[in-house]
Amino acid sequence: MKKHFMTSIWMTIVTTLLLGIVYPFVVTGLAQLIFPKQATGSLIKTNGKVVGSRLIGQPFSSPGYFHSRPSAAGTGYDAGNSGGSNLGPTNKMLIDRMNGDIQKAQAENQGAQVPMDLVTTSGSGLDPHISPEAAEFQVPRIAHERNMSEADVRALVANHTEGRQLGFLGEPRVNVLELNLDLDTTHPMHK
């Protein structure tokens with residue numbers, strides 16, 4: 001009996017050390033070596049300062065920037081509180097929020113149909129992308145605010161439009177942070 005008890009204690013210690021300490025360090029080290037950008041969160045730096053992640057959305061409210069889709073994660077794009085709103089399609093709070101977002105969007109681009117991803121949240125609430133249609137919807141506002149031609153803004157959107165993964169997975173998308181950073185670099189806003 002004592003022999004079995006000691007064996008179980010030693011197995012617990014050995015497996016804890018191997019699987020709880022050694023294995024995570026080896027996997028983390030390999031990830032840092034093989035995929036250094038992804039292992040550190042795909043951080044985006046400008047002038048040596050971290051301005052965001054390629055994987056986590058950010059809110060942009062200034063009219064001179066492309067706006068992200070709404071977020072239901074915490075107070076908005078809170079990576080520690082990821083998740084959708086869990087509000088059903090007939091929930092009054094959801095309907096009121098969406099109607100308000102649609103009215104705001106239609107006020108900025110009258111006559112154009114508002115793309116759904118500008119008024120609906122993603123499942124995680126952290127989506128850094130919008131559809132090319134959502135970016136196109138915002139082109140007139142960006143062009144006006146930055147004194148650019150709409151063709152120049154469309155060219156930037158086209159440069160930042162990512163296709164389907166492996167040619168068939170997902171939908172085309174535009175990373176909002178990267179697009180806005182490129183806008184600031186190529187056409188800074190005048191104060």
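These numbered points walk through some features of the model above.

1. A word on the model itself. What you are looking at is a predicted model, so please read every value below as computed from that prediction.

2. Let's begin with the hairpin of E1 and E2. Strand E1 covers residues 43–46, and four bridges join it to E2 in an antiparallel arrangement. One pair to look for is Ile-44, whose bridge partner in E2 is Gly-52. Two residues sit between the strands of this hairpin. Strands of a sheet pair through backbone hydrogen bonds, either parallel or antiparallel.

3. Now look at Asn-47, in the loop between E1 and E2. Its phi is positive, about 55°, although Asn-47 is not a glycine. Most residues other than glycine have a negative phi. Is Asn-47 buried or exposed? Asn-47 counts as exposed because its relative accessibility is 82%, and the cut-off for that word is over 50%.

4. Leu-166 makes a good companion to that point. You will find Leu-166 in the loop between E4 and E5. Leu-166 is not a glycine either, yet its phi is positive, near 55°. With a relative accessible area of 72%, Leu-166 is exposed.

5. Next comes the open sheet. Three strands make it up, in the order E3-E5-E4, and their pairing is antiparallel. Which strands are at the edges? They are E3 (129–130) and E4 (161–162), each of which pairs on one side only. E3 and E5 (residues 173–175) are held by two bridges, and His-129 has Asn-175 as its bridge partner in E5. Helix H6 packs on this sheet, touching E3, E4 and E5, and the direction of H6 makes about 55° with that of E5.

6. The largest nonpolar core is worth a slow look. This core holds 26 residues, and Phe-66, Val-153 and Val-157 have the most contacts inside it. The elements that give two or more residues to the core are H3, H4 (132–145), H5 (150–159) and H6 (176–186). Which of them gives the most? That is H4, with six residues. In soluble globular proteins, nonpolar side chains tend to be buried together.

7. Val-153 lets you see part of that core from the inside. Leaving aside residues up to four places away in sequence, Val-153 touches Phe-66, Val-139, Ile-142, Ala-143 and Met-148. Phe-66, as mentioned, is also among the residues with the most contacts in the core.

8. Helix H5 has two sides to compare. Its buried residues are Val-153, Leu-156 and Val-157. Seen down the axis of H5, these buried residues fall within an arc of 100°, so they line one face of the helix. An α-helix has 3.6 residues a turn, so residues three or four places apart point the same way. The buried residues of H5 pack against H4, E4, E5 and H6. On the other side of H5, Ala-151, Ala-158 and Asn-159 are exposed.

9. Two arginines deserve a close look, and the first is Arg-69. Arg-69 is in the loop between strand E2 (49–53) and helix H3 (92–108). Arg-69 counts as buried because its relative accessible area is 14%, and the cut-off for buried is under 20%. What does its side chain reach? One partner is the backbone oxygen of Thr-120, at 3.1 Å, and another is the backbone oxygen of Thr-121, at 3.4 Å. Beyond residues up to four places away in sequence, the residues that Arg-69 touches include Tyr-77, Asp-117, Asp-127 and His-129. You met His-129 earlier, as the bridge partner of Asn-175.

10. The second arginine is Arg-141, which is found in helix H4. Arg-141 counts as buried, at 11% relative accessibility. The side chain of Arg-141 reaches the backbone oxygen of Tyr-65 at 2.7 Å. Among the residues that Arg-141 touches, again not counting those up to four places away in sequence, are Ser-62, Pro-63, Gly-64, His-67 and Glu-108.

11. Finally, turn to helix H1 (residues 2–34), where Ser-8 lies. Ser-8 is partly exposed, with a relative accessible area of 35%. How many Å separate the C-alpha atoms of Ser-8 and Ser-122? The separation is 46 Å, and the two residues are 114 residues apart along the chain. Ser-122 is also one of the residues that Arg-69 touches.

Conventions
Residues are numbered from 1 along each chain as its sequence is written. This is a predicted model: local features need pLDDT of at least 70, side-chain atom pairs count only at pLDDT 80 or more; totals for chains, interfaces and linings use all residues. Side-chain values use heavy atoms; hydrogens and water are left out. Buried means under 20% relative accessible area, exposed over 50%, partly exposed in between (1.4 Å probe, protein chains only). A polar contact is a pair of N or O atoms within 3.5 Å; within protein, one must be able to donate a hydrogen and the other to accept it, and residues adjacent in sequence count only if both atoms are side-chain atoms. Contact means heavy atoms within 4.5 Å. A nonpolar core is a set of buried Ala, Val, Leu, Ile, Met, Phe, Trp, Tyr and Cys residues joined through side-chain atoms within 4.5 Å. Two strands pair if DSSP finds at least two bridges between them. Axes are lines fitted to C-alpha atoms, for helices over the stretch in contact, and angles run from 0 to 180 degrees between N-to-C directions. The arc is that of the directions from the helix axis to the C-beta atoms.
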